[in-house]
Amino acid sequence: MRKILLATALLGVIAFVAVIGVFLLRSDDANLATEAPAISTDTEAAGGDAAVPPVELPAGVRRFVIDPSGSSAKYVVKENLRLIDTTAVGETSAISGEIYLSPDGLYAGAASSFTIDLRELESDESRRDSYIKRTTLDTSRFPFAEFAVESLSGFPAGYVEDTQVELTLSGSMTIHGVSQPMTFSVLARQAGDSLTAAADADFKMTDFGIEPPSVQIATARNEVHIQIVLLAREPAA
């Protein structure tokens with residue numbers, strides 16, 4: 001009987017370790033960008049796209065339209081699996097928007113913003129994605145995250161093209177029908193008709209009326225890190 005009990009206990013330990021191992025293997029690498037993407041001189045300008053209508057602007061003001069082929073939005077959330085921390089990462093390239101810049105920085109005469117289609121978020125676990133979209137984000141009612149840019153600081157006078165600079169981007173983020181102020185730390189560069197950036201921010205789900213997802217064996221933390229990587233181009237005149 002003692003041998004049977006020991007064998008049963010050992011099998012239980014092995015099974016538990018196996019389950020933990022599976023979830024640890026699923027712990028995602030955030031793989032966050034640490035600099036603004038390099039600007040390629042070989043990529044065609046977005047101005048060749050007939051879907052981008054022209055906009056009349058004052059002299060010196062430049063309009064950069066986000067190119068989703070080189071852009072992404074990513075979330076990083078810590079999960080707790082029976083006292084073991086894992087990391088969940090989801091990403092989408094379904095991001096659109098426009099940024100208006102003057103020689104002094106952000107141009108206030110036009111709305112600079114970007115929109116993320118939350119329905120397109122994907123991680124390495126489809127069941128997680130379905131659960132988050134269905135319950136946590138409720139994307140059938142709130143399909144988009146929208147950021148309205150209100151200020152940009154740190155833009156240097158006499159900027160030298162293709163030089164990376166550190167900026168602070170502030171504005172209002174709307175998620176799940178709730179708007180809250182948000183500030184991004186940004187690494188950006190501009191050369192020719194192209195602009196790239198890597199923008200990072202942190203917030204809590206509950207700030208936007210969202211309850212952190214929780215299932216039988218795993219609970220997500222409240223804190224979320226997001227990174228927006230942008231490639232934007234100036235349409236041809």
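Which element gives the most to the lining of the largest pocket? That element is β2, with six residues. The tour returns to β2 after a look at the whole chain. Keep in mind throughout that this is a predicted model.

**Whole chain**

Show the protein as a cartoon and colour it by secondary structure. There are two helices and twelve strands to find. Following the sequence, the order is α-β-β-β-β-β-β-α-β-β-β-β-β-β. Helix α1 covers residues 2-25, and helix α2 covers 126-136.

Now switch on the surface. About 13100 Å² of the protein is accessible, and carbon and sulfur atoms account for 56% of that area. Of the 237 residues, 43% are buried. As for contacts between residues at least 6 apart in sequence, 65% of them join residues at least 24 apart.

**First stop: the largest pocket**

Select Y75, A88, R128, I132 and P213. Out of 35 lining residues, these are the closest to the centre of the largest pocket. The pocket has a volume of about 730 Å³.

Next, colour the elements around the pocket. At least two lining residues come from each of β2 (72-81), β3 (84-92), α2 (126-136), β8 (165-175) and β12 (223-233). The six residues from β2 are the largest contribution.

What is the lining made of by class? It has 26 nonpolar residues, three polar ones and six charged ones.

**Second stop: the second largest pocket**

Select L101, L152, F155, L167 and L195. These residues are the closest to the centre of the second largest pocket, among the 28 that line it. Its volume is about 460 Å³.

The elements that give two or more residues here are β1 (62-66), β4 (95-102), β7 (144-153), β8, β9 (178-191), β10 (194-204) and β12. Strand β9 has the largest share, four residues. By class, the lining consists of 22 nonpolar, four polar and two charged residues.

Strands β8 and β12 can stay coloured from the previous stop: they are among the elements that supply at least two residues to the largest pocket, and they are also on the list for the second largest.

**Third stop: the aromatic pairs**

Show the side chains of F147 and F184. The structure holds five aromatic pairs. In this one the ring centres are 5.0 Å apart and the planes stand at 85 degrees, so the pair is edge-to-face. F147 sits in strand β7 and F184 in strand β9, so that the pair links parts of the chain 37 residues apart. Are these two residues buried or exposed? Both F147 and F184 are buried.

Add F114 to the selection. Ring pairs join F114, F147 and F184 in a cluster.

**Fourth stop: F144**

Stay on strand β7 and select F144, which belongs to that strand. F144 has a relative accessibility of 34% and counts as partly exposed, whereas F147 is buried.

Which residues does F144 touch, neighbours within four places in sequence aside? Its contacts are T115, I116, D117, L118, R119 and T174. For a distance to check in the viewer, take the C-alpha atoms of F144 and I175: they are 7.0 Å apart, with the two positions 31 residues apart along the chain.

**Fifth stop: three loop residues**

Go to S69, in the loop between β1 and β2. S69 has a relative accessible area of 66% and is exposed. From its C-alpha to that of I95 is 9.3 Å, and the two residues are 26 apart in sequence.

Then select N31, in the loop between α1 and β1. The phi angle of N31 is near 50 degrees, which is a positive value in a residue other than glycine. N31 is exposed, at 57% relative accessible area.

The last selection is H176, in the loop between β8 and β9. Its phi is near 60 degrees, again a positive value in a residue other than glycine. Why does H176 count as buried? Its relative accessibility is 19%, and buried means under 20%.

Note on methods. Residues numbered from 1 in each chain as written. Predicted model: local features only at pLDDT ≥ 70, side-chain atom pairs only at ≥ 80, totals over all residues. Heavy atoms only, no water. 1 Å grid on protein atoms, 1.4 Å probe; cavity = no way out; pocket = protein on both sides within 12 Å on 5 of 7 lines; lining within 4 Å. Points joined across faces, edges and corners; volume = space filled by probe spheres on them. Nonpolar A, V, L, I, M, F, W, Y, C, P; charged D, E, K, R; others polar. Buried < 20%, exposed > 50% of the residue type's maximum accessible area, 1.4 Å probe, protein only. Contact = heavy atoms within 4.5 Å. Areas by Shrake-Rupley, 256 points an atom, 1.4 Å probe, with all protein chains shown as cover. Phe/Tyr/Trp six-rings, centres within 6.5 Å; stacked < 30°, edge-to-face > 60°.
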